[in-house]
Amino acid sequence: MGAGLMIITIGLAAFAVDLGYVYVKSRELQGTADLAAMSAAANLGTASDAAQTVVLANGRGDAIAVTTQTGFYDASVSQIPAARFKVTPVADANAARVTLSQDAGLFFGRILGQNTAHITR
């Protein structure tokens, strides 16, 4: 009985370590995405380059996919937040949306055949 509980406890601890690591990597990726979005919005003509430069300058260039869109943002409260940004040509744009994606390696998930967790922010 004690051995069975020990195995369950170790399994839960391993899950907690992997979950915590994925959470930390998600927060790091979110911070980088926020910086990249501010840079892209300040440089709408070269938004994609500006976002990529920020990602690389923050040491996060390793295997991060950067997607940049320029568009029009309407802050009207009559629209749901997901519908406030519309992709438009750069000439009509007043905002930029940057999405970053990265795989976070797992420590103990490998035992179950899961080597990475995909994170998108």
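Colleague: Is T67 buried, partly exposed or exposed, and how do I read that?

Modeller: Read it from the relative accessible area. Between 20% and 50% counts as partly exposed. T67 has 44%, so T67 is partly exposed. Keep in mind that this is a predicted model.

Colleague: In which element is T67 found?

Modeller: Look for the run of residues that holds the position. T67 is in strand 1, which covers residues 65–73.

Colleague: Which residues is T67 in contact with, beyond its neighbours within four places in sequence?

Modeller: Set the sequence neighbours aside, then see what remains. For T67, that leaves R97, V98 and T99.

Colleague: How far apart are T67 and K86?

Modeller: Give both separations, along the sequence and through space. T67 and K86 are 19 residues apart in sequence. From C-alpha to C-alpha, they are 15 Å apart in space.

Colleague: What order do the elements of the chain run in?

Modeller: Count them, then walk from the N terminus. The chain has 2 helices and 4 strands. Their order is α-α-β-β-β-β.

Colleague: What radius of gyration does the chain have, against a compact globule of 121 residues?

Modeller: Compare the two values. The chain has 19 Å, while a compact globule of 121 residues would have near 14 Å. The box tells you about the extent too. Along the principal axes, the C-alpha atoms fill roughly 70 × 35 × 20 Å.

Colleague: What share of the 121 residues is buried?

Modeller: Buried residues make up 28% of them.

Colleague: How many positive and negative side chains are there?

Modeller: Count each set, then locate its centre. There are 8 positive and 8 negative side chains, with the two centres 6 Å apart.

How values were computed
Residues are numbered from 1 along each chain as its sequence is written. This is a predicted model: local features need pLDDT of at least 70, side-chain atom pairs count only at pLDDT 80 or more; totals for chains, interfaces and linings use all residues. Side-chain values use heavy atoms; hydrogens and water are left out. Buried means under 20% relative accessible area, exposed over 50%, partly exposed in between (1.4 Å probe, protein chains only). Contact means heavy atoms within 4.5 Å. The radius of gyration is taken over C-alpha atoms; the globule rule is 2.2 Å times the number of residues to the power 0.38. Lys and Arg count as positive and Asp and Glu as negative; His and the chain ends are not counted. The place of a charge is taken as NZ of Lys, CZ of Arg, CG of Asp or CD of Glu.
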